[in-house]
Structures are given as structure tokens and as C-alpha cells.
Amino acid sequence: MQTSGWLQLALFVIALAAITKPMGLYLMQVLDAKGRTWLDPVLKPLEKVTYKAMGVRADREQNWREYTWALLLFSLVSCVFTYVILRLQNHLPLNPQGLGALSPDLAFNTAISFTTNTNWQSYGGESTMSYLSQMVALVIHNFASAATGIAIAAAVVRGIARHSTELLGNFWVDFVRTTYYLLLPICLVFAVFLVSQGIIQNFKPYTQAKLLETYTIQVQQTDAKGQPVTTNMPVTVSSPKLDAKGQPVMTNGVAVMVDVPQLDAKGQPITTNVPVMVSQTVDTQSIAQGPVASQIAIKMLGTNGGGYMNANAAHPFENPTPLSNFVQMLSIFVIGSGLTYYLGRMTKNQMHGWSVWSAMMALFLGGVLLCWWAESHGNPIHQHLGVAAADGNMEGKEVRFGIFNSALFATVTTDASCGAVNAMHDSFTPLGGFVPLFNIQLGEIIIGGVGAGLYGMLVFVVLAVFIAGLMVGRTPEYLGKKIQSFEVKMAMLALLVLAIDILGFSAWACVSQWGRAGLNNSGPHGLSEILYAYSSCTGNNGSAFAGLSANTPWYNTTLGISMFIGRFLMIVPIMAMAGSLAKKKLVPASTGTFPVSGGTFIILLLGTILLVGALNFLPVLTLGPIVEHFLMNQGTLF
């Protein structure tokens with residue numbers, strides 16, 4: 001754990017703290033239907049035309065049911081739109097590589113993935129998606145899902161800040177203003193910055209580069225019509241080798257086995273049809289091109305995370321320099337951090353907003369330090385084989401980023417619901433991989449996804465206030481409103497949806513042939529691969545322990561369902577809770593009112609998160625990364 005890492009960590013936290021207030025103040029203007037921004041002269045006419053085309057009255061607000069139905073309807077229509085494009089990709093323009101259509105199960109998985117802000121990818125982007133699919137089917141969702149998350153957070157905050165009303169704002173207005181005034185302008189500037197760092201932005205066909213050293217591979221032979229050439233080969237079975245007397249040949253008491261043709265009931269050799277393989281010399285490499293910078297900007301800012309390239313942010317065309325790496329990590333947190341200031345401003349209790357931010361930062365720093373420590377200490381088995389202990393665990397990491405930046409990126413991307421990676425989490429040490437897995441299972445409330453992090457954290461705030469009320473024997477109050485059974489039930493329902501979805505699907509996959517067939521590792525690490533996949537999809541993160549082969553009909557379907565549940569079945573009870581809070585009357589503060597700012601509140605909130613949120617997953621985490629850590633120290637790998 002070198003000095004340079006400590007300096008970078010300090011710089012990251014200071015930079016994030018410095019931009020939290022400006023972003024929060026700007027969000028105040030964006031999320032106010034009558035708010036004025038410096039972009040009004042350019043965007044206000046477009047905003048009005050958009051409302052007119054949609055048939056939306058900007059001055060008409062919605063209750064929680066209307067607001068929720070609007071976002072569900074929009075998400076459904078946009079999901080179907082994406083599915084259709086992916087299934088018809090081979091017939092659509094901007095496909096210079098002639099890439100084929102996606103299979104029904106992969107298109108289903110991908111459409112839900114991008115609709116829910118998950119961006120789980122069971123495919124390699126550059127070898128599967130055309131330019132049109134990347135820009136229209138996927139990048140539209142990168143904006144739309146991010147704007148939807150921010151809109152929901154704004155509605156929940158309004159429910160807390162307002163009283164004696166059923167109105168939480170207008171989904172269509174929040175969605176349009178967030179897209180026009182926040183996401184598009186920042187992404188435009190961000191994309192130009194990324195191009196300056198070396199990220200490509202073009203519509204060229206893929207470049208064919210001549211190799212300095214050729215190599216040979218085996219490929220299936222085809223005929224003049226391009227059809228595969230096959231041949232019949234005898235099926236063989238192992239049988240003891242016999243000597244001249246017909247007795248088995250023995251070596252050290254063990255029979256010598258040989259392959260012999262398998263015979264059918266008539267004594268005829270059984271044959272099977274197999275492809276004819278031929279050698280092919282490879283002397284070129286295909287280098288992907290495309291509109292990458294524009295995709296990466298919203299991918300990070302909107303905490304989407306889906307990579308244009310299969311290697312994601314580890315690819316030099318997505319993340320070429322230390323500066324691009326630092327700014328991309330910062331961009332993942334910037335809106336979520338600003339929303340905590342927005343919370344304080346809207347509720348007229350700025351210390352409450354900063355207290356929530358401080359609790360998030362405490363969990364963030366704990367995760368970074370544990371992951372960094374684990375990766376810096378490396379794998380003792382590797383060290384016994386001669387790898388220098390000082391090098392730490394560099395498996396699956398880019399040398400240009402090193403251990404600290406890989407650990408920091410892994411923590412940031414799973415604290416938020418981003419899922420972009422600059423290192424392979426599957427190659428982390430058990431405790432290093434435990435950190436991103438644990439972050440997701442907490443509900444990604446440590447800054448979290450744009451909007452989703454704040455409304456997820458507010459669930460724990462409500463529970464913390466409820467627990468505080470029970471401890472002192474008073475009816476719990478949160479910012480002048482009594483917390484009653486309905487709010488607690490809705491908060492717990494949101495948390496139970498998360499736990500049941502993750503643990504239920506993981507258990508099913510572990511005991512099913514289709515689930516175990518995709519594993520690349522056995523033992524506790526195999527369990528971690530399955531658990532990470534369903535945790536990531538339910539939490540709408542999208543990163544993976546990539547040893548799991550998930551591009552199968554069963555995995556694509558169950559992971560798609562998991563993403564849907566994790567997004568929408570969690571939003572509904574949270575919106576119901578917000579609607580209930582908005583209708584409540586304010587209660588004057590008294591000497592017995594529990595303060596929702598300061599050290600005591602932060603400690604109680606942290607305790608609630610760790611005890612209520614984390615204990616659901618402690619047993620399965622013990623069977624996965626925790627036991628793997630102890631076995632690694634005993635010399636066992638999986």
C-alpha cells in the first residue's frame with residue numbers, strides 16, 4: 001500500500017467533496033419544473049416542443065401511483081423497442097461488419113439489462129453489436145435509465161420534503177429536464193475530453209492490421225458453397241489391452257487400457273459425424289473501431305457501465321490514460337454525490353444531507369482499503385512459486401493502472417450501480433472479490449447509481465429512525481413526520497425483494513445442471529461466480545466474475561428476470577413509501593426527537609446498514625469468498 005495510492009485516494013475524496021455542492025445546486029434547478037439554468041436560452045424551446053409532442057402538461061403533477069405507472073409504461077415500451085432492433089440488427093444500416101441478429105434469449109437479456117440500468121453483457125460488444133445497435137438500441141437506454149433513476153430519487157425526496165399532499169412531481173417533466181439540462185450537456189463536454197485522451201470516435205469499418213508474427217489455428221473446413229465439411233469417425237471406448245492369450249496386460253497391478261471401436265448390436269462399428277478441421281495461418285488482427293467516446297461518457301456519468309469493448313474500461317480505446325481513468329471514476333460518483341446535497345437543500349436540513357454523504361463515504365473508504373489491502377498482499381500460493389510478494393496480485397489487472405487504481409475502480413463501480421471494470425474481478429483474491437460483491441448486496445447505496453443510490457439509502461434512513469424510536473420508546477419521527485407501520489413495511493419489502501431474488505436464483509442455479517454447466521471454477525469460487533452474477537443483475541450493476549459462461553438460454557432468461565425484479569419491484573414499494581410520507585402532516589420537533597444529523601445518526605445509520613442489509617447474505621458469503629480466503633492461505637486454489 002504505497003504512498004502514491006494514499007495520495008490518489010485523498011485527491012479522489014477531496015475532488016468528490018468539492019463538486020458535491022455545485023452539482024447539488026444545479027440539480028435543484030434541473031429538478032424544479034420552473035427552475036432556470038444557464039442553458040434555458042438554448043434548451044427551453046426544445047423542452048416546450050417536447051412536452052407538446054408528448055401531450056404532457058408541465059404544470060400538472062402526479063401522485064405516486066401515476067408517477068410509477070408512467071415510468072413503468074415508458075420502460076416497457078423502450079424495452080420492446082430495443083428488443084426489436086437487436087433481433088433485426090442484420091437487416092438494419094450502420095453494420096459495416098455484417099454482424100448477425102442476436103438470439104431471442106440474448107436479445108431479451110440485453111433489452112432488459114439496458115432498460116434497468118444494469119448493462120449486464122453476456123456478449124462481446126465489438127463482436128456482437130452493430131454501430132446502430134450501440135448508438136440507438138443501447139445508448140438511448142443509457143440516457144433514459146439514468147434519467148429515470150434521477151427522477152425517482154427526486155420524487156422520493158419531494159415525498160419527504162412536502163407535507164399534506166399526494167403530489168410528487170411529474171415523471172415526464174423530470175425525465176425530460178434531466179436528459180436535456182443535465183445528462184446531454186455534461187456528456188457532450190465529457191466525450192470531447194475523452195477524445196482528447198485518445199478514445200476513438202468514428203464510423204470506420206474495423207481495421208485489419210498486419211501481424212509481425214503469424215500463428216496457426218484449427219478451423220472447420222467448408223466446401224465451395226460455404227457449408228461445413230464433415231466426415232464419419234468411429235466411436236471408441238476404453239478397454240483393457242489383451243496379450244496373445246487373451247489376458248489383460250497389467251502394469252504395476254493396473255490393467256493397461258486402449259481405445260477400441262464401439263460396436264452396435266449387430267457387431268458393426270458405431271460412427272459419428274464430426275467436422276473436418278484444417279490448419280489456417282493467421283497474419284492479420286481485426287482492431288475494433290466505432291463511436292466509442294460518446295458511449296463511454298454516458299456509460300460512466302449515468303452509472304450504466306456497459307462496455308463498447310468486451311474488455312470494458314481495461315481496453316485502451318475505452319480508458320487510455322491515468323487521467324481518463326481518474327475522471328471516469330469521479331464521473332461515476334458525481335451525480336449520486338450531488339443528490340445528497342439536493343436532499344439536504346430540499347428538506348431544509350443541509351446537515352442531514354451531509355450526514356448521509358458521510359455515512360456513504362465511511363462505507364466507501366472501508367471497502368477501498370480492504371480491497372486494496374487484499375490485492376496488495378497478493379496470493380501466498382503464487383508467492384511460493386516465486387512471484388515477489390511486493391508485486392501483490394497483478395492477475396487480471398492492467399499494468400498501466402496497477403493494484404491501487406484497480407481496487408479503487410472496483411470499489412467505485414460496485415458502490416454505484418455502474419459495473420464498468422478496468423480489471424477482472426474474477427481474478428481478485430477472495431477478500432478483494434468479496435468487496436465488490438458485498439457492495440452490490442448492500443443495495444449499492446454507497447453513493448450508488450444515479451438516483452438509485454439515494455432512494456436505496458433513504459430506505460435505510462427510515463429503518464434507522466424507526467429503530468431509534470423503538471430504543472427510546474417514542475413514535476419514530478423523520479424530519480417532522482411520524483414513521484408508522486406502512487413506511488416500515490414498504491422499506492422492508494424493498495430489502496426483502498433484493499435478498500429473495502439474489503438468494504433464490506443463486507440457489508436454483510447451484511442445484512441445476514444448467515447452472516453448474518457455466519462454471520469455470522469449482523468449490524467456493526464457483527459459488528461466488530453464480531452468486532455474483534445474480535447479485536449484480538438484481539442490484540442492476542452489470543459487472544461479473546467473468547469465469548461464468550452466462551450466454552445460455554437458461555442464464556440469459558433467469559438473469560433477465562432477476563434484473564427486472566431488482567429494478568421495478570424495488571421501485572414500487574419505495575414510491576409507495578414516498579407517497580405516504582408526502583401525505584403526512586408535520587409534527588413540531590421536541591426534546592425527544594431523534595436528530596438526523598451528526599455523529600450519533602451516522603453511527604446508527606451505518607449499524608442499520610450493516611446489520612439489516614448485510615446479515616441477509618452473511619451465510620452465503622461465508623461459504624463463498626470468506627472460506628475461499630482461508631483455503632487459499634492453506635494452499636488450495638479453485
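**Exercise 1. Describe the secondary structure and overall dimensions of the protein chain**.

Step 1: Counting DSSP runs, with helices as H or I of at least four residues and strands as E of at least two, the protein chain has 20 helices and 10 strands. This is a predicted model, in which local features need pLDDT of at least 70 and side-chain atom pairs count only at pLDDT 80 or more, while totals for chains, interfaces and linings use all residues. Residues are numbered from 1 along each chain as its sequence is written, and side-chain values use heavy atoms, leaving out hydrogens and water.

Step 2: The radius of gyration, taken over C-alpha atoms, is compared with a globule rule of 2.2 Å times the number of residues to the power 0.38. For 638 residues a compact globule would have a value near 26 Å, and the 27 Å of the protein chain agrees with this.

**Exercise 2. Decide whether cysteine 510 and cysteine 537 are buried or partly exposed, and how many disulfides the structure holds**.

Step 1: A disulfide here is a pair of cysteine sulfur atoms within 2.5 Å, and the structure holds zero of them. Cysteine 510 is in no disulfide, the nearest cysteine sulfur, that of cysteine 537, being 15 Å away.

Step 2: The sulfur of cysteine 537 has its closest cysteine sulfur in cysteine 79, and because these are 14 Å apart, they are too far for a bond.

Step 3: Buried means under 20% relative accessible area, exposed over 50%, and partly exposed in between (1.4 Å probe, protein chains only). Cysteine 537, at 0%, is therefore buried, whereas cysteine 510, at 26%, counts as partly exposed.
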